[in-house]
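The following exercises are to be worked with the sequence and the three-dimensional structure at hand. Each task is followed by a solution in steps.

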Amino acid sequence: MTQKTVEKTKTVEKTPVTLLGLGAMGTALARAWLAAGHPLTVWNRTPARAETLAADGARVAADAAEAVSANNLVVVCLLDDASVDEVLAGTDLADRDLVNLTTSTPAQARARAAWARERGARYLDAGIMAVPPMVGVPEAGGYAFYSGSRELFERHQETLGVPVGTTYVGEDAGFAALHDVALLSAMYGMFAGAAHAFALIRKEDIDPASLAPLLADWLVAMAPAVHQTADRLRSGDYTEGVVSDLAMQVAGTPTFLNTAEQQGVSPELLSPYFGLMRRRLAEGGGKEDLTGVIDLLVR
């Protein structure tokens with residue numbers, strides 16, 4: 001057997017994939033699977049987006065139904081949950097392994113899992129923790145959360161791990177979306193704090209580029225505190241080992257608000273959190289750290 005024959009055999013043996021949706025993320029996923037030698041069938045509402053992928057070896061289906069019928073593993077990467085309804089309407093999902101990479105809420109993911117089962121499909125939900133340039137680049141550290149059938153995840157883990165890493169988070173189909181939104185929510189909170197920090201120096205003779213490394217290092221130094229928060233939530237004791245208690249931190253908040261006012265900066269990114277801190281203190285949480293604020297958020 002020649003080397004070319006061996007390579008061809010290996011390519012044929014790789015799991016064929018159907019991909020519905022060729023936006024920026026979908027296109028990046030498609031290129032990663034093609035580069036790894038997976039036979040790929042694609043479909044997109046706007047056919048022109050599939051042209052370059054066809055040149056790279058992808059089979060372009062005429063419609064979503066044809067694409068679904070082409071392979072057992074069907075991956076969906078569309079705009080939103082409503083788009084999934086529209087695209088999969090009229091397709092035969094019986095005995096298909098449906099993997100939904102479309103961003104959704106936990107409730108939508110659970111409903112979609114039930115919807116898929118009613119149509120005879122096996123289902124995995126996913127949340128991608130990466131942007132398109134990270135896809136197909138292992139050193140970039142991108143990955144996706146997966147939830148739903150563990151057996152289905154294990155069956156396709158190698159294929160799903162080609163574009164980005166894989167992290168399974170549970171049988172509950174809503175858990176991938178929940179983990180996705182939880183991490184992204186923390187990200188936006190971090191961005192909000194950074195925005196306030198840059199706003200404070202905006203009118204001063206301070207180069208933002210000089211503050212940036214200090215800010216980045218400080219955020220990295222503070223990040224391990226999430227482990228302490230998790231431990232306190234598990235134990236229910238919010239006071240053990242506390243160094244800077246809530247009473248002390250609330251006493252310091254006027255300095256932040258006064259500085260913002262003096263710098264001509266709106267406090268609207270900080271005020272809601274400070275308000276929660278004051279509420280927790282009023283309820284008797286002065287000896288705690290900031291963990292108790294979480295309980296105020298849960299309705």
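The model is predicted, and the values below are computed from it.

**Exercise 1. The sheet**

Task: Determine the order of the strands in the open sheet, and state which strands stand at its edges.

Solution.
Step 1. The open sheet is formed by eight strands, and their order is β3-β2-β1-β4-β5-β6-β7-β8. The pairing is mixed.
Step 2. The edges are held by β3 (59-60) and β8 (165-170). Each has a single partner strand, so one side of each lacks a neighbour in the sheet.
Step 3. Within the sheet, β6 and β7 are paired in the antiparallel sense over six bridges. A126 stands opposite Y146 in β7.
Step 4. As background, strands of a sheet pair through backbone hydrogen bonds, either parallel or antiparallel.

**Exercise 2. The nonpolar cores**

Task: Identify the residues with the most contacts inside the largest nonpolar core, and the element that gives the most to this core.

Solution.
Step 1. The largest nonpolar core comprises 32 residues. Those with the most contacts inside it are L19, L29, L40, V75, L101 and Y146.
Step 2. At least two residues of this core come from each of β1 (17-20), α2 (24-35), β2 (40-43), β4 (73-76), β6 (122-129), β7 (143-148) and α7 (150-160).
Step 3. The element that gives the most to this core is α2, with seven residues.
Step 4. A second core, separate from this one, has 20 residues, among them A64, V74, V87 and W115.
Step 5. For a view of one core residue, take L19. Residues up to four places away in sequence being left out, L19 touches G26, L29, A30, W33, L40, T41, V42, W43, V75 and C77.
Step 6. In soluble globular proteins, nonpolar side chains tend to be buried together.

**Exercise 3. A nonpolar patch on the surface**

Task: Name the residues of the nonpolar surface patch and the elements that give two or more residues to the patch.

Solution.
Step 1. The patch is formed by L184, Y188, M190, F191, W218, L219 and M222, which together have about 690 Å² of accessible area.
Step 2. Two or more residues are given by α8 (175-201) and by α9 (208-222). The most come from α8, with four residues.
Step 3. Y188 is placed in helix α8. Its relative accessible area is 54%, and the cut-off for exposed is over 50%; Y188 is therefore exposed.

**Exercise 4. Salt bridges**

Task: Which parts does the salt bridge between R45 and E86 tie together, and how many residues apart in sequence are they?

Solution.
Step 1. The count of salt bridges comes to 13. In the pair R45 and E86, the closest N and O atoms are 3.8 Å apart.
Step 2. R45 lies in the loop between β2 and α3 (51-55), whereas E86 belongs to helix α5 (residues 81-88). The pair therefore ties together parts that are 41 residues apart in sequence.
Step 3. E151 and R155 form another salt bridge, at 2.8 Å from N to O. These two residues are four apart in helix α7, which means a separation of about one helical turn. Both are partly exposed, E151 at 44% and R155 at 40% relative accessible area.
Step 4. Through salt bridges that share partners, D95, D97, R122, E151 and R155 are joined into one network.
Step 5. A further salt bridge links E66 and R59 at 3.2 Å, N to O. E66 is partly exposed at 26%, and R59 is partly exposed at 41%.

**Exercise 5. Two threonines**

Task: Classify T229 and T253 as buried, partly exposed or exposed, and list their contacts outside the local sequence.

Solution.
Step 1. T229 is located in helix α10 (residues 225-235), and T253 in helix α11 (residues 246-262).
Step 2. Buried requires under 20% relative accessible area. T229, at 23%, therefore counts as partly exposed, while T253, at 6%, is buried.
Step 3. Apart from residues up to four places away in sequence, T229 touches T291 and I294. With neighbours within four places set aside, T253 is in contact with F274 and M277.
Step 4. T229 and G292 are 63 residues apart in sequence, and their C-alpha atoms are 9.5 Å apart in space.

Conventions:
Residues numbered from 1 in each chain as written. Predicted model: local features only at pLDDT ≥ 70, side-chain atom pairs only at ≥ 80, totals over all residues. Heavy atoms only, no water. Buried < 20%, exposed > 50% of the residue type's maximum accessible area, 1.4 Å probe, protein only. Contact = heavy atoms within 4.5 Å. Core = buried A, V, L, I, M, F, W, Y, C linked by side-chain atoms within 4.5 Å. Patch = residues over 30% accessible without salt bridge, like charges linked within 9 Å, V, L, I, M, F, W, Y side chains within 5 Å. Areas by Shrake-Rupley, 256 points an atom, 1.4 Å probe, with all protein chains shown as cover. Salt bridge = Lys/Arg side-chain N within 4 Å of Asp/Glu carboxyl O. Pairing = 2+ DSSP bridges.
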